[in-house]
Amino acid sequence: MEKAVPIVPQRLKPRKTPIQARSGATVAAIHEAAIQVLLADGLARLTTTRVAERAGVSVGTLYQYFPNKEALLYAILMRHFEEMAQAVERLCTGEPKKLLSSLADSIAEAYVSVKMARPDATTALYQVAGSIDQFRLSTDVYKRLQTAVVRVLANASDAVFNDPERAAFTLLSALAGVSRGSFGKLVPGPEVAGRLCEEACLLSRAYLRAAADAKSLTS
């Protein structure tokens, strides 16, 4: 029996999607303003009025695209997930096969690169994630990430995976946990986020090698 795909609640859907360059720039400005308000004032004090003022638009303009604050925050979070999916998908370029250790590093670095592009914004987004339960709402983007990782693993010259989907799921879950710990409230401090890429690569290499070796032992 096929599992139902979670549907985005109506309250979180945007009112309209920008088509022209001008409207796209307006939405981008609103997104950036929301991040700035989150960083300056925190989630509890974020309002559509504050965001509109920071973006230099009227509240009415903001409401043309987003029906409420939650829909705006959801859109920002989904944009972040989209960037993550694109970063991993760019690894699937049909290049010659590579050593698993190299592919493991590439996956971890692609994942972390989006988090580290703007560490302050990533920290703010973890506030958002906790407030709207994104784990039930981001199935489509997660499947893209998983599919991309599976395609990368198929390009390993020195490893074969019995269940690549399972390996991709576990790796992505582990990277998500390390990232949340680095940018969330678990262990605050810039030095923790600063070593995220190194730790993510180590984790990725160790787990993927163990997963591939487990397959060979059961063959």
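A residue is called buried here when its relative accessible area is under 20%, exposed when that area is over 50%, and partly exposed in between (1.4 Å probe, protein chains only). Cys-92 counts as buried, because its relative accessible area is 19%. The model you are looking at is predicted, so local features need pLDDT of at least 70 and side-chain atom pairs count only at pLDDT 80 or more, while totals for chains, interfaces and linings use all residues. Residues are numbered from 1 along each chain as its sequence is written, and side-chain values use heavy atoms, with hydrogens and water left out.

Let us stay with the cysteines for a moment. A disulfide is taken as a pair of cysteine sulfur atoms within 2.5 Å, and the structure holds 0 of them. Why does Cys-201 have no such bond? The closest cysteine sulfur, in Cys-197, is 4.2 Å from the sulfur of Cys-201, which is too far. Cys-201 is itself buried, with a relative accessible area of 4%.

Next comes helix H4. Helices are DSSP runs of H or I with at least four residues, strands are runs of E with at least two, and both are numbered from the N terminus. H4 covers residues 69-89, 21 residues in total. The expected span of a helix is 1.5 Å times one less than its number of residues; for H4 this gives 30 Å, and the end C-alpha atoms are indeed 30 Å apart.

Just ahead of H4, in the loop that follows helix H3 (59-65), sits Asn-68. At the start of H4, a side-chain oxygen of Asn-68 comes to within 3.1 Å of the backbone nitrogen of Glu-70. Asn-68 is buried, at a relative accessible area of 19%. Leaving out residues up to four places away in sequence, Asn-68 touches Arg-11, Thr-48 and Tyr-63, where contact means heavy atoms within 4.5 Å.

The loop between H3 and H4 also holds Phe-66, which leads us to the nonpolar core. Such a core is a set of buried Ala, Val, Leu, Ile, Met, Phe, Trp, Tyr and Cys residues joined through side-chain atoms within 4.5 Å. The largest one has 67 residues, and Val-51, Phe-66 and Phe-161 have the most contacts inside it. H4 supplies the largest share of this core, 13 residues. Phe-66 is buried, with a relative accessible area of 3%. Beyond its neighbours within four places in sequence, Phe-66 contacts residues including Pro-14, Val-27, Ile-30 and Leu-72. Phe-66 and Val-27 are 39 residues apart along the chain, yet their C-alpha atoms are separated by 9.5 Å.

Note on methods:
A polar contact is a pair of N or O atoms within 3.5 Å; within protein, one must be able to donate a hydrogen and the other to accept it, and residues adjacent in sequence count only if both atoms are side-chain atoms.
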